[in-house]
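Thank you all for making time this morning. I would like to walk you through one structure, slowly, so that those who have not met it before can follow along on the screen.

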There are 2 protein chains.
Amino acid sequence: MNSSTEEDYLKAIYKLTPQFPDGVLTSAIAEVLETKASSVTDMLKKLSEKGYINYVKYQGVTLQPIGEEVAIKVIRKHRLWEVFLAEKLDFTWDEIHEIAEQLEHIVSVNLIDRLDKYLGFPKFDPHGDPIPDKNGKFQKIKDVALRDLNVGDVAILVGVREHSKEFLQYLENIKLLLGSKIEVLNKFAFDESVLVKINGKSEIMLSSLLCKNISVTHEKPKK
Amino acid sequence: MNSSTEEDYLKAIYKLTPQFPDGVLTSAIAEVLETKASSVTDMLKKLSEKGYINYVKYQGVTLQPIGEEVAIKVIRKHRLWEVFLAEKLDFTWDEIHEIAEQLEHIVSVNLIDRLDKYLGFPKFDPHGDPIPDKNGKFQKIKDVALRDLNVGDVAILVGVREHSKEFLQYLENIKLLLGSKIEVLNKFAFDESVLVKINGKSEIMLSSLLCKNISVTHEKPKK
DNA sequence: TCAAGTATTTAGACTAGTCTAAACATTTCT
DNA sequence: AGAAATGTTTAGACTAGTCTAAATACTTGA
């Protein structure tokens, strides 16, 4: 059994792995967990002794299969609870994350599979991120940043790459939600802002930073 | 903000208060929390300093209004989650308690009120215990132990006074559930066992211990 | 290649919660 | 009332996790 702190570390390492393929750095973990590097070092030693990770002093850390399994399970729980909060309890995009941060650590053999069934085995969470199934498998969606579309392209919003309250609240405000249709009307090179039409209705100018953090695809993801 | 350990202590004190009206004893708290008396003493000092309880060395402890409020909130959360687990996820009577023990500590201003609404503002949990509303008010049901009925009495099962897995599993097995109709056919003085008919169908002999822990009433509780 | 700068680890201290063993109160029994 | 039994508290130690400050390793760049 792992403590919820251990789970948080494993999840953080898992999420950072794509950016640090040959070893996640201590400082990167410290930053996402909002803690100090020295605390991270302590925990890495512990997780290494327990066999969850491969840790070489000063060289960063990679997950062992068993550690990845734990991380994926936590992510599965997190995302299923997010679906529950959004669909059943009508929480908005920006509210669900921090509640799910707590719910993801609830321990029960059956609970999460029953919840999965109750929700109809959803494949994506409310932010468009894929939900691992019972066996830890999930579909990787081939998405692209809104920034990389060309004028005239039409796409569907399938995910966000940033989960801050401010960002998500802004998207809710302008009604730019999962599944929204986005047409690129114009792109302005000088500040990299993009003029789009949302769901064939409202036109709005999106900043460079915004466009970098919005994932879109030409195909609608299958539910 | 209170830690979940503090919440557990306040809840335990609250539940023990009826048995110890002028001061819950350290040893009683230690027993229900499955911990040592010395640990309890430490925590009582802390809760006392924080103003949640009234603690006099060697004299036991009573709740301050603010402590009672915290306890009732935790109980509200516990019981609402139990309703969710039983009604939405089809968990059985004996499984829901330990999952709810974890869920009761989830912190969110809105979560529990939304859950309450989603469940249709239930007044009783799956064990027949009343659920405090938003303001901490709840109906006290006037129940009586099955043991105290007379031959010929007919009653409805409205609650249980024991929450062990073994006890609850037994009741599930013999289909003696919340709302079951119970007719007292005979009482045997030598071992205080009772012969009953359940829902007008099966006849069964119930032991003294069982009858002590089953709460019944002549009126059906209003949902 | 070696000095300077940056990142990481170690050392030692702190908090929350727990425990055992010893000291101290309270209750009970004669 | 006083001794014995029981219950409670204190003292000191332990674990998990965190922190600051100092020491150490790695990286960069002249």
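**A sheet, two chains and two DNA strands**

Let me begin with one pair of residues: in chain A, Glu183(A) stands opposite Lys197(A), which sits in β6(A). Before I go further, please keep in mind that what you see is a predicted model.

The pair leads us to the strands around it, since strand β5 of chain A, residues 181-188, and strand β6 of chain A, residues 193-198, are paired in the antiparallel sense over six bridges. As a reminder for anyone new to this, the strands of a sheet pair through backbone hydrogen bonds, and they may do so in a parallel or an antiparallel way. The sheet in chain A is an open one, made of six strands in the order β3-β8-β4-β5-β6-β7, with antiparallel pairing. At its edges are β3 (144-145) and β7 (202-206) of chain A, each of which pairs on one side only. Packed on this sheet is helix α7 of chain A, residues 165-173, which touches β4 (154-160), β7 and β8 (214-217) of chain A, and whose direction makes about 145° with that of β4(A).

Let us turn to how the two chains meet. In this model 20 residues of chain A are in contact with 20 residues of chain B, and the area buried between chain A and chain B is about 1,700 Å², with carbon and sulfur atoms giving 67% of that area. On the chain A side, Leu89(A), Arg114(A) and Tyr118(A) supply 32% of the area that chain A buries against chain B, which is more than any other three residues.

Now to the DNA, starting with strand C. Which residues come nearest to DNA strand C? Among the 22 residues around DNA strand C, they are Lys45(A), Tyr55(A), Ser3(B), Thr35(B) and Lys46(B). Helices of both chains are involved here, for α2 (26-32) and α3 (37-49) of chain A, along with α1 (4-16) and α3 (37-49) of chain B, each supply at least two residues of the surface near this strand, and α3(B) gives the most, with five residues. By class, that surface divides into seven nonpolar, 10 polar and five charged residues.

If we look at the DNA side, 75% of the atoms of DNA strand C within 4 Å of the protein belong to sugar or phosphate, and the rest belong to bases. Among the individual contacts, a polar side-chain atom of Ser27(A) lies 2.9 Å from a phosphate oxygen of DNA strand C, and a polar backbone atom of Lys36(B) is 3.1 Å from a phosphate oxygen of that strand. Ser38(B), by contrast, has a polar side-chain atom 3.0 Å from a base oxygen of DNA strand C.

Finally, DNA strand D is surrounded by 21 residues, the closest being Ser3(A), Thr35(A), Lys46(A), Lys45(B) and Tyr55(B). Sugar and phosphate account for 74% of the atoms of DNA strand D that come within 4 Å of the protein. The largest share of the surface near DNA strand D, five residues, comes from α3(A). Here a polar side-chain atom of Tyr55(B) lies 2.4 Å from a phosphate oxygen of DNA strand D, while for Lys36(A) a polar backbone atom is 3.1 Å from a phosphate oxygen of DNA strand D.

Methods. Residues numbered from 1 in each chain as written. Chains lettered and ligands numbered in written order. Predicted model: local features only at pLDDT ≥ 70, side-chain atom pairs only at ≥ 80, totals over all residues. Heavy atoms only, no water. Near = heavy atom within 4 Å. Polar contact = N/O pair within 3.5 Å; in protein donor to acceptor, adjacent residues only side chain to side chain. Helix = DSSP H or I, 4+ residues; strand = E, 2+ residues; numbered from the N terminus. Nonpolar A, V, L, I, M, F, W, Y, C, P; charged D, E, K, R; others polar. Pairing = 2+ DSSP bridges. Contact = heavy atoms within 4.5 Å. Axes fitted to C-alpha atoms, helices over the stretch in contact; angles between N-to-C directions. Buried area = accessible area lost by both parts, 1.4 Å probe.
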